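Thank you all for coming this morning. Please have the sequence and the structure open in front of you, and I will go through a few places in turn.

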Amino acid sequence: MNILAIESSCDETAAAVVRDGRQVLSSCVASQIEMHTVYGGVVPEIASRRHVEAICGLCGQALELAGLSKRDLDAVAVTYAPGLIGAVLVGVNFAKGAALALGLPLIPVHHVRGHIAANYLTYPDLEPPFVCLCVSGGTTAIVDVRSYTRMEVMGSTRDDAAGECFDKVARVLGIGYPGGAPMDRLAAGGDGGRYELPRAHVQGAELDMSFSGLKTAALNLIHNSRQKGEELSLPDFAASFGRAVSDSLVPRAAEAARQKGYGRLAVAGGVAANSRLRADLQAACARSGDRLFLPELRWCGDNAAMIGCQGFYEYQAGHLAGPDLNAYATRDIALG
Ligand code: KG4
C-alpha cells in the first residue's frame, strides 16, 4: 500500500511516500528555519504562507523520487493535530483536495503519534506495547503505546515543553533558532555541574513534569551574569541546562517503563536528538534491563515519513476521514 503523507504542523513542510507502513520510498522536507531565524522564533502567519507555497511542489517531488505516479497511490495521510492552526490547515486542505481528486481514502494522523512511529522506521522489529517518551518543541509527555493506535498519556508537562525551553534559552543567549541543536553542540565541551539549575517535581503526580521554573531560572542566570558583567561559560551553561532537562525526563520515563513492565522504552520528537538525553536513557536502560529504542536522527525532527508510517496503522484500524476533516491546534493523543 503506497501512502502519500503530508506534514505541515509547524515550520517544516514535508511530503513522503511510504509503502506498507515501514518502507520509505521518498521523504522531502522544506525547512523554513532560515526565514524564522530573523525573528528568533516561528511566526505563524509566515509559516502558513510558506506551506502554501511549498506543498504542491513538494508532493510532486516526493512522488518523483519514489518513482511513482499519482495513479500508484492508495491513500493520502496528513497531520491534522496538534500544531499551529493555520499551518496545519494548509496540509489538511491540500490532503483533502488530493484525496478527493484522486478518489483515495484520507487518513488523519496525530502529529505526536507520527513522532512515535519514527521508531518503527528505525527498528523494523519494534511492535507495541512499549512506553515512549515524547519530547519536541510543543509536546513533552510519557505515553503508554498499547497498540499501534491505542495510546494513553501517563505523564506530561504542566507548562512548557522541553524543546520550547531549549529554544527560549538559546534565543536569549543569541546562539540561534531553533536552539536545541546548538545548545547540544555547545554542551559537548562543557561541565554540566558548573551552574545550579532547578529540577521540578509535581506533588502527587510523579510522572508529570514542569519546565517553566527551569526556563525562568536559566534566563535569570543569564541576565544576572550580564548585569554583573560576569562572563557566563556557554559550554558549561549549556551542559548544565541539558543535564537539568535530562534529569527531569529520564527518571520519569524509566519509572513509567518500570510500571508498565513491557521491557521496552522508546523516545520520540525533536529533543530525542539530544546527546545528553540519549546517553542518560542508555544508562537508565542498562540499569533496568529495558531495551531502548532511539530513532535515527533524520526521523527525530518533523518529517512526513513518520506520518505515512503511522497513517498505515491508522488505516488498518479503520481510522479514516471525509472532506469535513478539520485541523486542531491541540488534541489528546489518546483520541488519535
Ligand atoms: O519534533 P520537532 O522537530 O517539532 C515539533 O514537533 O515540535 O522538535 C523541535 C524541537 C525544537 O524545540 C528544537 O530546539 C529541539 O526539538 N531539538 C533539540 C535538538 N534538536 C532539536 N533539542 C535538544 N537537543 C537537540 N539536539
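Let me begin with Pro82, which sits in the loop between strand S4, residues 75–81, and helix H3. This is a predicted model, so please take every value I give today as computed. The peptide bond that joins Ala81 to Pro82 is cis, and its omega is about -15 degrees. A second cis peptide bond runs from Tyr177 to Pro178, with omega near -10 degrees, and Pro178 is placed in the loop between helix H5, residues 162–173, and helix H6.

While we are on loops, please look at Asp20, which lies in the loop between strand S2, residues 12–19, and strand S3, residues 23–31. Asp20 is not a glycine, and yet its phi is positive, at about 50 degrees.

Now I would like to turn to the helices. In general, a pair of packed helices is described by the angle between the two axes and by the distance between them.

The loop of Pro82 led us to H3, so let us take that helix with its partner H2. Helix H2 covers residues 44–66 and helix H3 covers residues 85–102, and their axes come within 9 Å and cross at roughly 30 degrees. Angles under 35 degrees count as roughly parallel, and therefore H2 is roughly parallel to H3. The crossing in which H2 passes H3 is right-handed. On the H2 side the contact is made by Ser48, His51, Val52, Ile55, Cys56 and Cys59, while H3 brings Gly86, Ala87, Val90, Gly91 and Phe94. Sorted by class, this contact of H2 with H3 holds seven nonpolar and four polar residues, and no charged ones.

The loop of Pro178 leads in the same way to H6, which packs against H8. Here helix H6, residues 180–187, and helix H8, residues 234–260, have their axes 7 Å apart and pack at an angle of about 115 degrees, which means that H6 is roughly perpendicular to H8. This crossing of H6 and H8 is left-handed. From H6, the residues Met183, Leu186 and Ala187 meet Leu234, Pro235, Ala238, Ala239 and Phe241 of H8. What classes do the residues of the contact of H6 with H8 divide into? Eight of them are nonpolar, and there are no polar and no charged residues.

H8 has another partner in helix H7, residues 212–227, and the axes of H7 and H8 come within 11 Å and cross at roughly 170 degrees. Because angles over 145 degrees count as roughly antiparallel, H7 is described as roughly antiparallel to H8. The contact is formed by Leu214, Ala218, Leu221 and Ile222 of H7, together with Phe237, Phe241, Ala244 and Val245 of H8. Its residues, too, divide into eight nonpolar, no polar and no charged. You may remember Phe241 from a moment ago, since that residue of H8 also meets H6.

Finally, let us come to the ligand. Which residues are the closest to the ligand? They are His111, Gly137, Asp167, Gly180 and Asp184, and in total 21 residues surround the ligand. For Gly180, a polar backbone atom is 2.9 Å from an oxygen atom of the ligand. In the case of His115, a polar side-chain atom lies 3.0 Å from a ligand oxygen atom, and for Ser136, an N or O atom of the side chain is 3.5 Å from an oxygen atom of the ligand.

Note on methods:
Residues are numbered from 1 along each chain as its sequence is written. This is a predicted model: local features need pLDDT of at least 70, side-chain atom pairs count only at pLDDT 80 or more; totals for chains, interfaces and linings use all residues. Side-chain values use heavy atoms; hydrogens and water are left out. Axes are lines fitted to C-alpha atoms, for helices over the stretch in contact, and angles run from 0 to 180 degrees between N-to-C directions. Helices (H or I, at least four residues) and strands (E, at least two) are DSSP runs, numbered from the N terminus. Angles under 35 degrees count as roughly parallel, over 145 as roughly antiparallel, 65 to 115 as roughly perpendicular and the rest as oblique. A crossing is left-handed if the near helix is turned anticlockwise from the far one by less than a right angle, and right-handed if clockwise. Contact means heavy atoms within 4.5 Å. Ala, Val, Leu, Ile, Met, Phe, Trp, Tyr, Cys and Pro count as nonpolar, Asp, Glu, Lys and Arg as charged, and the others, Gly among them, as polar. A residue is near a molecule or strand if one of its heavy atoms lies within 4 Å of it. A polar contact is a pair of N or O atoms within 3.5 Å; within protein, one must be able to donate a hydrogen and the other to accept it, and residues adjacent in sequence count only if both atoms are side-chain atoms.
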